[in-house]
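Student: I am new to this structure and would love a close look at a single part of it. Could you pick one strand and walk me through what surrounds it?

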Amino acid sequence: MGLTARGIRAAGAMALLAAVSGCASGTAASVGAGVGAGVGATASVAAGSGATPGASSSAVVTAVPSPSSWSQQRLDQALTAHGGNTRTAKSNVVTARVGAIFAKSGKGDHFCTGSVVQSKGQSIVVTAAHCVHGGKGGGYNTDIVFVPGYRDGAEPEGEWPIRGIVVDQRWIDSTDPDLDVAFLVLGTVGNRAIASVLGGNKLGVNLGFDRTVALTGYPSNAGEPIACFNTTTQQSAHQMKIACKSFPGGTSGSPWLTSFDKKTRTGTVMGVIGGYQQGGDTDDVSYSPYFDNDVLALYNQAVAQGG
């Protein structure tokens with residue numbers, strides 16, 4: 001187990017709750033060419049121009065933030081009043097980085113969720129591996145687009161093409177739930193990379209299991225995103241768990257956002273709905289693979305592809 005949320009992060013957690021849900025109270029191989037050996041496999045969906053490869057160290061968080069001056073009592077009150085409750089997500093700069101993943105170039109239905117994370121190429125979205133690859137015996141789901149900030153048919157930032165998919169080789173070989181994470185390398189829209197338009201959250205690795213996070217996701221049967229705020233716990237050696245009501249199909253890949261900074265309007269993605277039971281067999285409890293060095297290796301592969 002890592003460091004707990006107790007006694008720290010209260011200000012960031014309260015700001016995150018207000019930003020996402022509006023609640024305040026006293027978060028390498030080309031497709032068709034076969035997958036090679038190695039830690040991860042890359043699916044190049046289409047040719048496209050990318051930024052200079054390389055990871056930005058400031059985009060990855062590996063330590064808990066400094067203690068907050070806000071009281072633990074205030075955070076406990078917020079968790080008691082609102083923790084685990086689900087509501088429609090606010091429309092703002094924070095939730096605009098979360099989007100629905102659509103089939104058939106935006107003409108089909110949305111079936112998963114993704115979110116923009118920071119990188120040197122400003123072109124990476126994190127989601128669940130099962131959203132984009134079928135695991136053992138399956139293949140890549142390549143006819144998809146990412147639509148950030150989608151609401152009831154409106155696409156305020158347009159449809160973003162996917163030009164690369166990075167999943168772990170062990171997910172491909174055995175559908176390992178501990179590796180149910182994928183990074184999408186996006187193409188440009190209007191010659192601009194997505195994070196240059198929307199900004200991105202940081203990627204958090206090895207942050208421990210007990211954190212206060214906010215989830216934002218797109219149910220497949222709804223036109224607006226939903227949000228929830230609660231504290232995570234450890235499910236198993238490489239899995240996390242959270243109780244959030246009514247997160248149904250379509251919310252796979254939803255980011256678990258922690259350590260929100262009101263000044264920069266950014267947080268840290270430390271998980272995504274997926275992993276055990278591909279995110280959960282019931283709507284009220286969700287799971288995520290623990291983001292560790294394996295996830296960091298996948299992220300670095302996406303960065304090396306121009307993400």
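Tutor: Happy to. Let us begin with strand β6 (residues 124-127), which is joined to β9 by 4 bridges, the two strands running antiparallel. Please keep in mind that this is a predicted model. Within that pairing, V126 stands opposite F183 in β9. Strand β9 will be our part for the close look.

β9 has another partner too. Strand β8 is joined to β9 by 5 bridges, and this pair also runs antiparallel. Here G164 stands opposite V185 in β9. As a general background, strands of a sheet pair through backbone hydrogen bonds, either parallel or antiparallel.

Now for the side chains. In a regular strand they alternate between the two faces of the sheet. You can follow this in β9: A182, L184 and L186 point one way, while F183 and V185 point the other way. Is either set exposed, or are both buried? All of these residues are buried, and β9 as a whole is mostly covered, with 5 of its 5 residues buried.

Let us follow L184 and L186 first. They belong to the largest nonpolar core, which has 24 residues, and together with V132, F146 and V167 they touch the most other members. Several elements build this core: β5 (110-117), α3 (129-132), β7, β8, α4 (169-174), β9 and α5 (194-198) each supply at least two residues. The largest share, 4 residues, comes from β8, the strand joined to β9 by 5 bridges. Apart from this core lies another one, of 22 residues, and among them are V94, V181, V295 and Y299.

Y299 brings us back to F183. Which kind of pair do the rings of F183 and Y299 make? A pair of aromatic rings is described by the distance of the centres and the angle of the planes. For F183 and Y299 the centres are 5.8 Å apart and the planes stand at 70°, so the pair is edge-to-face; the cut-off for that label is an angle over 60 degrees. F183 sits in strand β9 (residues 182-186) and Y299 in helix α6, so this pair ties together parts that are 116 residues apart in sequence. Both partners are well hidden from the outside by the numbers: F183 is buried, with a relative accessible area of 0%, and Y299 is buried with a relative accessible area of 0%.

Having reached helix α6, we can look at the partner's surroundings. α6 covers residues 293-304, which is 12 residues, and spans 16 Å from its first C-alpha to its last, close to the 16 Å expected at 1.5 Å a residue. Y299 has buried company in this helix: V295, L298, Q301, A302 and V303 are buried as well. At the N-terminal end, D292 acts as a cap, with a side-chain oxygen 3.1 Å from the backbone nitrogen of D294. After the helix comes G306, whose phi is positive, near 100°.

The ring pair between β9 and α6 has company elsewhere, since the structure holds 5 aromatic pairs. Another of them is Y150 with Y218, a tilted pair with 6.4 Å from centre to centre and 55° between the planes. This pair also links distant parts of the chain: Y150 lies in the loop between β7 (144-148) and β8 (160-168), and Y218 in the loop between β11 (212-217) and β12, 68 residues apart. Y150 is buried, with a relative accessible area of 11%, and Y218 is buried, with a relative accessible area of 1%. F102 joins these two in one aromatic cluster.

To put the pieces back together around β9: β6 is joined to the strand by 4 bridges and β8 by 5. On one side of the strand, L184 and L186 point the same way as A182, and these two leucines are among the residues that touch the most other members of the largest nonpolar core. Pointing the other way are F183 and V185, and the ring of F183 forms the edge-to-face pair with Y299. If you trace the strand in the viewer, try starting from F183: V126 in β6 stands opposite this residue, and the ring pair leads from β9 to helix α6.

Conventions. Residues are numbered from 1 along each chain as its sequence is written. This is a predicted model: local features need pLDDT of at least 70, side-chain atom pairs count only at pLDDT 80 or more; totals for chains, interfaces and linings use all residues. Side-chain values use heavy atoms; hydrogens and water are left out. The expected span of a helix is 1.5 Å times one less than its number of residues. Buried means under 20% relative accessible area, exposed over 50%, partly exposed in between (1.4 Å probe, protein chains only). A polar contact is a pair of N or O atoms within 3.5 Å; within protein, one must be able to donate a hydrogen and the other to accept it, and residues adjacent in sequence count only if both atoms are side-chain atoms. Rings of Phe, Tyr and Trp (its six-membered ring) pair if their centres lie within 6.5 Å; planes under 30 degrees apart count as stacked, over 60 as edge-to-face and the rest as tilted. A nonpolar core is a set of buried Ala, Val, Leu, Ile, Met, Phe, Trp, Tyr and Cys residues joined through side-chain atoms within 4.5 Å. Two strands pair if DSSP finds at least two bridges between them.
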